[in-house]
Amino acid sequence: RMKYFTRLRVRRVYKWRGEPLTFNRKLKTSLAISVEGLPKTTVINTGQHILIEGEDEDNPYVAKVIRLYGDESGRQKKAVVQWFVRVSEVPVSKLKLLGREPHPQEIFYYQGRSCDDEVDAESILRPVKRLDGAAPFPDGDRDALYVKLSWDSKTFKVLDSELAPPSCPKPSLPPLAPVLPACSGSGVPRPRSARPAHPGLRHHAAGRDHQRFLSGLPFRHRLTVKRLEFLILPFVSFNRFLFGQVTPGTPRTPHGATPSIPSRTLPARQPANVLEEARTRLHVSSVPESLPCREQEFQDIYSFVESKIVDGTGGCMYISGVPGTGKTATVHEVMRCLQHAADVDEIPPFHFIEINGMKMTDPHQAYVQILQKLTGQKATADHAAALLEKRFSNAAPRKETTVLLVDELDLLWTRKQNVMYNLFDWPTRRHARLVVLTIANTMDLPERIMINRVASRLGLTRMSFQPYSFKQLQQIIMSRLNKVKAFEQDALQLVSRKVAALSGDARRCLDICRRATEICEHSAADPSASGLVGMSHVMEALDEMFSSAYITAIKCASVQEQLFLRAVIAEFRRLGLEEATFQQVFVQHQALCRVEGLQPVSVSEGLAVCQRLGACRLLLLEPSRLGVLQRVRLNVSQDDVLFALKAD
C-alpha cells in the first residue's frame, strides 16, 4: 500500500497593531500575525526581514519591510518591501560569476527593477534573522540568513552600507500602488502582488487648471464636460484624459526591453530507481553508446562514402529494409565518424545535409530544402532546381564534397519522376562532387516504380538491411541497458522472440520493454515481487500492444475482409508505397482467393468489402464516386494486421 505525505496548512489571522501615524492614518506601524490554535503572536515591524509566501513552500521569498499601510476598514493590508534573492532563484549559469560555492543560507540584495515592491501583507509568513556581511557564514542556525553581495540580474557586487533600503518619505496623500511589469529573466519569480490602487484626481495645480478650463467654457459645454467627467472618472483619471498627464500609478514602457524565458533553476531530475533508468535508456530517442548487429553494413557504407570523399567524385547508394532495422541510425553513425575523421584532417572536409520525404508536403520541396541547407538561400521550387542544376554542373575552385541523405525516398515519387531523376543524375556530373544516400522500405523500389531512365542513374550500389533476429534484438536491448539489471533473462528472450517472429522491428521491441518496466513498477507494491521485469510483465505488455480495438476488429472480420487486408499489404509491398487504388488491390484479392481455394468475388462485392472496412476505420478511402479508381490506405500498421491474421 502506497503512503502519501501531505503538509497541513495553517490558518493565520492578520491584524494591525499600534496607533497609525498621525500625518496619514493609512500608514501603520506594525502587523500582528497569529495562528489558530497557538497562543503565540508574531509582530512584524517596518525594517524587519521577513519570509513571504511563494511557489516553493520550503524556500519562501525573503524581503525587508519598508512600509505597512491599509484602509480604515482593515480589509486591505499592503506592504512595500525590498527584495532579497535566494541561491536557488539565481540562474545556474550565473552562479559561476561568484567564483566560489554559494552557502545554502546565503541571500543577495536584489537591485533589479523588474519585480513589484508591493505585496499583500497577508502573504507574510514570519520574520527571519539576517546577519551582516562581515559576519561569518551561519553554522547550525537554519533561521539565520547571510547577506554579503547584491544581485542585479546580471552581476554580483559587494554590498556597501550605502545600499541600504531607501527610507520612506512622509507622504501627504495615501500611497498609490504602482503597477510594474512582471519579473522577467532575472531568475526571481514574481511574488503575490496586490491590486493596484485606483488613481484619483490630482488636486493642487492640476485641480486649478481644471477649474480654469471649465470656467472658460459656455454653460452648455461645461455641462457636457461634467457629464463626461462623471462617466469616465471610474475608469481613468480625468486629468490624464484631458491633459495627457501621467499619474503615479501609470506603468512606463522600459526602453530596450526584450522578451526572455527564465532559465531553469533546478537540474533535470535523475532516475529514481533501476526501472526508471532502464526506461530512459530504452527510449527510441535515446542515443545508444554503440550500434550492435550492424557492423558489416556500417563498414560497407563507411567505405563507400569515404572513397568518394577522398577521390572527389560522386555516386549513389540505395539502402532498403523493413522499418525498424537500423537504416537511418547506421547512416547517422557513419556520418558522425566521417565528420570526426574530417575534423582531425584524416579525410578532406565535406558538407552533410539530410532531407526526409515524410516532412514534405510536396516532392518538389526537396529542391528548396537542399538549396537552403547548402547555401542558406530561400527560393521557389523551380528556382531552387535551376540553381542546384547550375551548382552541380559547373566547376568551382575549392568545392567541398556534399553528402546528401534522402530518407523515405518512396514519398518523393511523382508522375514524371523528375525529382528522383535529378537526385540520381546530379552525382554523375563531372564537377558535382555529390554523394547521395537514399533510404526506403522496399527492396525492389527501383524496378517497381522507377522508369528506365531513373533506374539506370541509380546504378548497382545497393544494400539491404535484413530484419533483426531474436538474438540480435536481445543483444540490442542488453547494449542499451549497459549492465543495468532490470530484466530477467527469460523475459528478454520472450519479447525478442515475439517481435522477431512478427517483423524484427527494433523500435517495437524497445516500446514493449518500456511498457513492461511501467507495469513492473506499478505492481511493485506486491511483497512477493522481486523488483525485476519478469515473464508476466512482458506478457501483459505484449497483450496491450497487440490487443487493441483494431486488432480485435480484424480478428472478427469475415474471410473476404481479411483476404482484402492481406491484398492491401501485398500491393503496398509490390509498389513500395503506402497507397494504392482499389483496382490494383482487387487484382491481388482475386489472386489470393484462387490461392486459398475460394470463389473470386465480383467487382461490386469487392467494393462492398472495401466500404465495410472503411466504415470500421481499418482503411482510409477516397470518396466512393471514384469507384475502382479510389485510393486506399491502411489506418493501422502493417505489423498489427499481420499479427491479427497470424493469431487467427
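Me: In which sense do strand E20 and strand E21 pair, and over how many bridges?

Reply: Strands of a sheet pair through backbone hydrogen bonds, and the pairing is either parallel or antiparallel. In this predicted model, E20 and E21 (residues 631–634) are joined in the antiparallel sense over 3 bridges. To locate the register, one may take leucine 620, which stands opposite arginine 633 in E21.

Me: Which helix packs on the sheet there, and what angle does its direction make with that of E20?

Reply: That is helix H20, residues 603–615. H20 touches both E20 and E21, and its direction makes about 110° with that of E20.

Me: What is the strand order of this open sheet?

Reply: The order is E19-E21-E20, with 3 strands and antiparallel pairing. Strand E19 (580–581) and strand E20 (619–621) each have a single partner strand, so they stand at the edges and one side of each lacks a neighbour in the sheet.

Me: How should one read a strand such as E7: how many of its residues are buried?

Reply: In a regular strand the side chains alternate between the two faces of the sheet. Strand E7 (residues 77–86) has 10 of its 10 residues buried. Both faces are covered: one side carries Lys77, Ala79, Val81, Trp83 and Val85, while Lys78, Val80, Gln82, Phe84 and Arg86 lie on the other.

Me: Where are the bridge partners of E7 to be found, beginning with strand E6?

Reply: Strand E6 (residues 61–70) runs antiparallel to E7 and is joined to it by 8 bridges; lysine 64 has glutamine 82 of E7 as its bridge partner. Strand E9 (residues 118–120) also pairs with E7 in the antiparallel sense, over 3 bridges, and here lysine 78 is matched with aspartate 120 in E9. Strand E8 (residues 106–110) is likewise antiparallel to E7, with 3 bridges; the bridge partner of arginine 86 is isoleucine 107 in E8.

Me: Turning to helix pairs, at what angle do the axes of H18 and H19 cross?

Reply: The axes of helix H18 (residues 559–575) and helix H19 (residues 582–596) cross at roughly 120° and come within 8 Å. An angle of 65 to 115 degrees would count as roughly perpendicular; H18 and H19 are therefore oblique to each other. Their crossing is right-handed. Among the residues that meet, H18 contributes Leu563, Phe564 and Ala567, and H19 contributes Phe582, Val585 and Leu592.

Me: Which residues touch the most other members of the largest nonpolar core?

Reply: They are Ile477, Phe487, Phe564 and Leu619, in a core of 60 residues. Leaving aside neighbours within four places in sequence, phenylalanine 487 is in contact with Leu282, Leu481, Leu492, Cys513, Ala516, Thr517 and Val533. A second, separate core has 30 residues, including Val368, Leu371, Ala384 and Leu423.

Me: Among the contacts of phenylalanine 487 is Thr517. Is threonine 517 buried or exposed?

Reply: A residue counts as buried when its relative accessible area is under 20%. Threonine 517 has a value of 0%, so it is buried. Its place is in helix H15, residues 506–522.

Me: Which residues does threonine 517 touch, not counting those up to four places away in sequence?

Reply: Threonine 517 touches Leu275, Arg279, Phe487 and Val533. As for arginine 279, it is 238 residues apart from threonine 517 along the chain, yet 6.6 Å separates their C-alpha atoms.

Methods
Residues are numbered from 1 along each chain as its sequence is written. This is a predicted model: local features need pLDDT of at least 70, side-chain atom pairs count only at pLDDT 80 or more; totals for chains, interfaces and linings use all residues. Side-chain values use heavy atoms; hydrogens and water are left out. Two strands pair if DSSP finds at least two bridges between them. Helices (H or I, at least four residues) and strands (E, at least two) are DSSP runs, numbered from the N terminus. Contact means heavy atoms within 4.5 Å. Axes are lines fitted to C-alpha atoms, for helices over the stretch in contact, and angles run from 0 to 180 degrees between N-to-C directions. A nonpolar core is a set of buried Ala, Val, Leu, Ile, Met, Phe, Trp, Tyr and Cys residues joined through side-chain atoms within 4.5 Å. Buried means under 20% relative accessible area, exposed over 50%, partly exposed in between (1.4 Å probe, protein chains only). Angles under 35 degrees count as roughly parallel, over 145 as roughly antiparallel, 65 to 115 as roughly perpendicular and the rest as oblique. A crossing is left-handed if the near helix is turned anticlockwise from the far one by less than a right angle, and right-handed if clockwise.
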